[in-house]
Amino acid sequence: HICIRTRRGIMISQLPKWVEFGAFILALVAGYVNAIGLLGFDHQSVSHLSGTATLLGAGVYQGSLQNAFHLVGVLLSFLAGASIAGFLLHGFTLKLGRHYDTALVIEALLLLVALAFLYNEQFVGHFFASAACGLQNALATTYSGAIIRTTHVTGIFTDLGIMLGALCRGEKLDTRKAKLFLLIITGFIFGGTAGAILFGMFQFFSLIAPASVCLMIAMIYNVYLRKAA
(Lines give C-alpha, C1' and ligand atoms only; values in the text may rest on other atoms or scores of the structure.)
Protein backbone atom coordinates (compact mmCIF):
# COMPACT_ATOMS: atom_id res chain seq x y z
CA HIS A 1 0.00 0.00 0.00
CA ILE A 2 1.76 3.12 -1.23
CA CYS A 3 0.52 6.52 -0.09
CA ILE A 4 0.93 9.64 -2.19
CA ARG A 5 -0.07 12.92 -0.58
CA THR A 6 -2.45 15.27 -2.31
CA ARG A 7 -2.01 18.98 -3.05
CA ARG A 8 -3.02 19.69 0.51
CA GLY A 9 0.10 17.86 1.67
CA ILE A 10 3.67 19.09 1.59
CA MET A 11 5.19 16.76 -0.97
CA ILE A 12 4.87 13.43 -2.71
CA SER A 13 6.04 10.69 -0.36
CA GLN A 14 7.12 7.13 -0.92
CA LEU A 15 6.93 7.51 -4.67
CA PRO A 16 8.16 4.30 -6.36
CA LYS A 17 10.26 4.54 -9.50
CA TRP A 18 7.72 2.67 -11.61
CA VAL A 19 5.12 5.38 -10.98
CA GLU A 20 7.44 7.93 -12.58
CA PHE A 21 7.89 5.62 -15.56
CA GLY A 22 4.14 5.00 -15.75
CA ALA A 23 3.37 8.73 -15.66
CA PHE A 24 5.86 9.31 -18.49
CA ILE A 25 4.32 6.57 -20.65
CA LEU A 26 0.74 7.73 -20.02
CA ALA A 27 1.69 11.32 -20.85
CA LEU A 28 3.35 10.00 -24.02
CA VAL A 29 0.09 8.24 -24.97
CA ALA A 30 -1.98 11.36 -24.28
CA GLY A 31 0.32 13.64 -26.27
CA TYR A 32 0.25 11.14 -29.12
CA VAL A 33 -3.56 10.91 -29.20
CA ASN A 34 -3.94 14.67 -28.89
CA ALA A 35 -1.60 15.22 -31.85
CA ILE A 36 -3.78 12.93 -33.96
CA GLY A 37 -6.81 14.87 -32.73
CA LEU A 38 -5.32 18.20 -33.77
CA LEU A 39 -4.20 16.85 -37.14
CA GLY A 40 -7.11 14.60 -38.00
CA PHE A 41 -10.22 15.54 -35.95
CA ASP A 42 -10.77 18.96 -37.59
CA HIS A 43 -8.07 20.39 -35.30
CA GLN A 44 -10.06 19.20 -32.28
CA SER A 45 -8.17 18.56 -29.05
CA VAL A 46 -9.37 15.48 -27.17
CA SER A 47 -6.92 15.08 -24.29
CA HIS A 48 -8.07 18.22 -22.45
CA LEU A 49 -11.20 20.33 -22.53
CA SER A 50 -10.33 24.00 -21.93
CA GLY A 51 -10.15 24.84 -25.62
CA THR A 52 -13.18 22.67 -26.39
CA ALA A 53 -15.28 24.45 -23.79
CA THR A 54 -14.17 27.82 -25.19
CA LEU A 55 -15.05 26.76 -28.73
CA LEU A 56 -18.44 25.59 -27.48
CA GLY A 57 -19.16 29.00 -25.99
CA ALA A 58 -18.08 30.72 -29.20
CA GLY A 59 -20.15 28.29 -31.27
CA VAL A 60 -23.27 29.01 -29.26
CA TYR A 61 -22.77 32.74 -29.77
CA GLN A 62 -22.22 32.29 -33.50
CA GLY A 63 -25.29 30.09 -33.83
CA SER A 64 -23.40 27.06 -35.13
CA LEU A 65 -25.63 24.44 -33.51
CA GLN A 66 -24.21 21.43 -35.36
CA ASN A 67 -20.68 22.29 -34.26
CA ALA A 68 -21.94 23.03 -30.75
CA PHE A 69 -23.57 19.60 -30.46
CA HIS A 70 -20.34 18.00 -31.63
CA LEU A 71 -18.33 19.84 -28.98
CA VAL A 72 -20.86 18.92 -26.31
CA GLY A 73 -20.38 15.31 -27.37
CA VAL A 74 -16.61 15.60 -26.91
CA LEU A 75 -17.06 17.12 -23.45
CA LEU A 76 -19.58 14.52 -22.31
CA SER A 77 -17.45 11.71 -23.71
CA PHE A 78 -14.46 12.84 -21.65
CA LEU A 79 -16.76 12.93 -18.63
CA ALA A 80 -18.04 9.44 -19.41
CA GLY A 81 -14.50 8.11 -19.64
CA ALA A 82 -13.63 9.64 -16.28
CA SER A 83 -16.79 8.12 -14.84
CA ILE A 84 -15.66 4.66 -15.93
CA ALA A 85 -12.43 5.14 -13.98
CA GLY A 86 -14.41 6.43 -11.01
CA PHE A 87 -16.54 3.29 -11.07
CA LEU A 88 -13.60 0.90 -11.36
CA LEU A 89 -11.24 2.70 -8.96
CA HIS A 90 -11.72 4.49 -5.68
CA GLY A 91 -9.64 6.33 -3.11
CA PHE A 92 -6.63 8.57 -3.65
CA THR A 93 -3.82 6.20 -2.81
CA LEU A 94 -1.97 3.80 -5.05
CA LYS A 95 -2.86 0.26 -4.04
CA LEU A 96 -2.05 -3.01 -5.72
CA GLY A 97 -5.13 -5.02 -6.57
CA ARG A 98 -7.21 -2.17 -7.90
CA HIS A 99 -8.42 -2.45 -11.46
CA TYR A 100 -5.79 -0.31 -13.16
CA ASP A 101 -5.27 -3.03 -15.75
CA THR A 102 -9.00 -3.17 -16.52
CA ALA A 103 -9.09 0.60 -16.99
CA LEU A 104 -6.13 0.47 -19.38
CA VAL A 105 -7.72 -2.35 -21.40
CA ILE A 106 -10.92 -0.29 -21.71
CA GLU A 107 -8.86 2.72 -22.79
CA ALA A 108 -7.23 0.61 -25.50
CA LEU A 109 -10.62 -0.64 -26.69
CA LEU A 110 -11.97 2.92 -26.81
CA LEU A 111 -9.05 3.97 -29.00
CA LEU A 112 -9.60 1.03 -31.33
CA VAL A 113 -13.33 1.81 -31.60
CA ALA A 114 -12.37 5.43 -32.36
CA LEU A 115 -10.10 4.12 -35.12
CA ALA A 116 -12.91 2.05 -36.64
CA PHE A 117 -15.29 5.03 -36.78
CA LEU A 118 -12.70 7.52 -37.99
CA TYR A 119 -11.49 5.15 -40.71
CA ASN A 120 -15.06 5.17 -42.01
CA GLU A 121 -15.12 8.98 -41.77
CA GLN A 122 -17.65 9.04 -38.93
CA PHE A 123 -17.12 11.85 -36.43
CA VAL A 124 -18.42 9.64 -33.59
CA GLY A 125 -14.84 8.41 -33.38
CA HIS A 126 -13.90 11.73 -31.79
CA PHE A 127 -16.12 10.88 -28.84
CA PHE A 128 -14.45 7.53 -28.19
CA ALA A 129 -10.98 9.09 -28.37
CA SER A 130 -12.07 11.77 -25.88
CA ALA A 131 -13.55 9.11 -23.57
CA ALA A 132 -10.22 7.25 -23.66
CA CYS A 133 -8.40 10.39 -22.55
CA GLY A 134 -10.94 11.11 -19.82
CA LEU A 135 -10.54 7.60 -18.49
CA GLN A 136 -6.75 7.87 -18.47
CA ASN A 137 -6.71 11.25 -16.74
CA ALA A 138 -9.09 10.01 -14.05
CA LEU A 139 -7.03 6.84 -13.62
CA ALA A 140 -3.93 8.88 -12.81
CA THR A 141 -5.92 11.21 -10.56
CA THR A 142 -7.37 8.39 -8.47
CA TYR A 143 -3.92 7.19 -7.44
CA SER A 144 -2.24 10.58 -7.06
CA GLY A 145 -4.80 12.84 -5.40
CA ALA A 146 -4.74 15.20 -8.41
CA ILE A 147 -0.95 15.57 -8.25
CA ILE A 148 -0.47 13.68 -11.52
CA ARG A 149 -2.37 14.73 -14.62
CA THR A 150 -1.20 12.92 -17.72
CA THR A 151 -3.51 14.21 -20.46
CA HIS A 152 -2.60 17.90 -20.23
CA VAL A 153 0.31 19.95 -18.89
CA THR A 154 -1.23 23.29 -17.90
CA GLY A 155 -1.45 22.32 -14.24
CA ILE A 156 2.02 20.78 -14.37
CA PHE A 157 3.56 24.02 -15.63
CA THR A 158 1.60 25.93 -12.99
CA ASP A 159 2.89 23.69 -10.20
CA LEU A 160 6.45 24.00 -11.50
CA GLY A 161 6.10 27.77 -11.53
CA ILE A 162 4.89 27.74 -7.93
CA MET A 163 7.83 25.53 -6.94
CA LEU A 164 10.33 27.79 -8.68
CA GLY A 165 8.81 30.85 -7.02
CA ALA A 166 9.09 29.16 -3.63
CA LEU A 167 12.70 28.23 -4.44
CA CYS A 168 13.51 31.88 -5.17
CA ARG A 169 11.99 32.72 -1.79
CA GLY A 170 14.48 30.37 -0.16
CA GLU A 171 12.37 27.24 0.27
CA LYS A 172 13.85 23.83 -0.50
CA LEU A 173 13.01 22.38 -3.91
CA ASP A 174 11.21 19.05 -3.91
CA THR A 175 13.47 17.50 -6.55
CA ARG A 176 11.50 14.25 -6.77
CA LYS A 177 8.29 16.12 -7.53
CA ALA A 178 10.05 18.41 -10.03
CA LYS A 179 11.52 15.38 -11.77
CA LEU A 180 8.08 13.79 -12.04
CA PHE A 181 6.59 16.93 -13.57
CA LEU A 182 9.44 17.23 -16.07
CA LEU A 183 8.96 13.59 -17.07
CA ILE A 184 5.26 14.21 -17.73
CA ILE A 185 5.99 17.31 -19.82
CA THR A 186 8.69 15.50 -21.78
CA GLY A 187 6.43 12.49 -22.35
CA PHE A 188 3.58 14.67 -23.60
CA ILE A 189 5.81 16.56 -26.03
CA PHE A 190 7.52 13.42 -27.36
CA GLY A 191 4.12 11.78 -27.69
CA GLY A 192 2.93 14.70 -29.79
CA THR A 193 5.97 14.35 -32.02
CA ALA A 194 5.45 10.61 -32.45
CA GLY A 195 1.74 11.09 -33.10
CA ALA A 196 2.38 13.68 -35.80
CA ILE A 197 4.98 11.50 -37.53
CA LEU A 198 2.92 8.31 -37.51
CA PHE A 199 -0.31 10.09 -38.44
CA GLY A 200 1.45 11.40 -41.51
CA MET A 201 2.42 7.83 -42.41
CA PHE A 202 -0.62 5.77 -41.38
CA GLN A 203 -3.46 8.27 -40.81
CA PHE A 204 -5.95 6.99 -38.21
CA PHE A 205 -4.34 3.54 -38.13
CA SER A 206 -1.67 5.27 -36.03
CA LEU A 207 -4.12 4.92 -33.08
CA ILE A 208 -3.12 1.26 -32.93
CA ALA A 209 0.17 2.30 -31.31
CA PRO A 210 -1.25 3.98 -28.15
CA ALA A 211 -3.86 1.24 -27.82
CA SER A 212 -1.06 -1.34 -27.90
CA VAL A 213 0.91 0.58 -25.27
CA CYS A 214 -2.11 0.61 -22.95
CA LEU A 215 -2.56 -3.14 -23.38
CA MET A 216 1.14 -3.72 -22.72
CA ILE A 217 1.06 -1.67 -19.50
CA ALA A 218 -2.05 -3.58 -18.38
CA MET A 219 -0.26 -6.90 -18.97
CA ILE A 220 2.84 -5.75 -17.08
CA TYR A 221 0.72 -4.59 -14.15
CA ASN A 222 -1.16 -7.88 -14.12
CA VAL A 223 2.08 -9.91 -14.06
CA TYR A 224 3.49 -7.67 -11.31
CA LEU A 225 0.30 -8.10 -9.33
CA ARG A 226 0.44 -11.88 -9.57
CA LYS A 227 4.08 -11.96 -8.44
CA ALA A 228 3.31 -9.67 -5.50
CA ALA A 229 0.37 -11.83 -4.37
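**Figure 1. Surroundings of Leu56 in helix α2 of the predicted model.** Leu56 lies in helix α2, which spans residues 50–62. With a relative accessibility of 17%, Leu56 is classed as buried, because buried means under 20%. Beyond its neighbours within four places in sequence, Leu56 contacts Ala68, Leu71, Val72 and Leu75. The C-alpha atoms of Leu56 and Leu71 are 5.9 Å apart, with a separation of 15 residues in sequence.

**Figure 2. Salt bridges of Glu20 between helices α1 and α7.** Glu20 pairs with Arg176 in a salt bridge whose closest N and O atoms are 2.7 Å apart. Arg176 belongs to helix α7 (residues 175–202) and Glu20 to helix α1, 156 residues away in sequence. A salt bridge also joins Glu20 to Lys179, with 3.7 Å between the closest N and O atoms. Lys179 is in helix α7 and Glu20 in helix α1, so this pair ties together parts 159 residues apart in sequence. Glu20 is buried at 3% relative accessible area, whereas Arg176 is partly exposed at 29% and Lys179 is partly exposed at 37%.

**Figure 3. The salt bridge between Glu171 and Arg169.** The structure contains three salt bridges. In the one between Glu171 and Arg169, the closest N and O atoms are 2.4 Å apart. Glu171 is partly exposed, at 41% relative accessibility, and Arg169 is exposed, at 59% relative accessible area. Shared partners join Glu20, Arg176 and Lys179 into one network.

**Figure 4. Lining of the largest cavity.** The volume of this cavity is about 30 Å³. Its lining consists of Val29, Ala30, Val33, Glu107, Leu111, Ala132, Cys133, Gln136 and Thr151. Helices α1 (17–40), α4 (100–119) and α5 (124–142) each contribute at least two lining residues. By class, six lining residues are nonpolar, two polar and one charged.

Terms used
Residues numbered from 1 in each chain as written. Predicted model: local features only at pLDDT ≥ 70, side-chain atom pairs only at ≥ 80, totals over all residues. Heavy atoms only, no water. 1 Å grid on protein atoms, 1.4 Å probe; cavity = no way out; pocket = protein on both sides within 12 Å on 5 of 7 lines; lining within 4 Å. Points joined across faces, edges and corners; volume = space filled by probe spheres on them. Helix = DSSP H or I, 4+ residues; strand = E, 2+ residues; numbered from the N terminus. Nonpolar A, V, L, I, M, F, W, Y, C, P; charged D, E, K, R; others polar. Buried < 20%, exposed > 50% of the residue type's maximum accessible area, 1.4 Å probe, protein only. Contact = heavy atoms within 4.5 Å. Salt bridge = Lys/Arg side-chain N within 4 Å of Asp/Glu carboxyl O.
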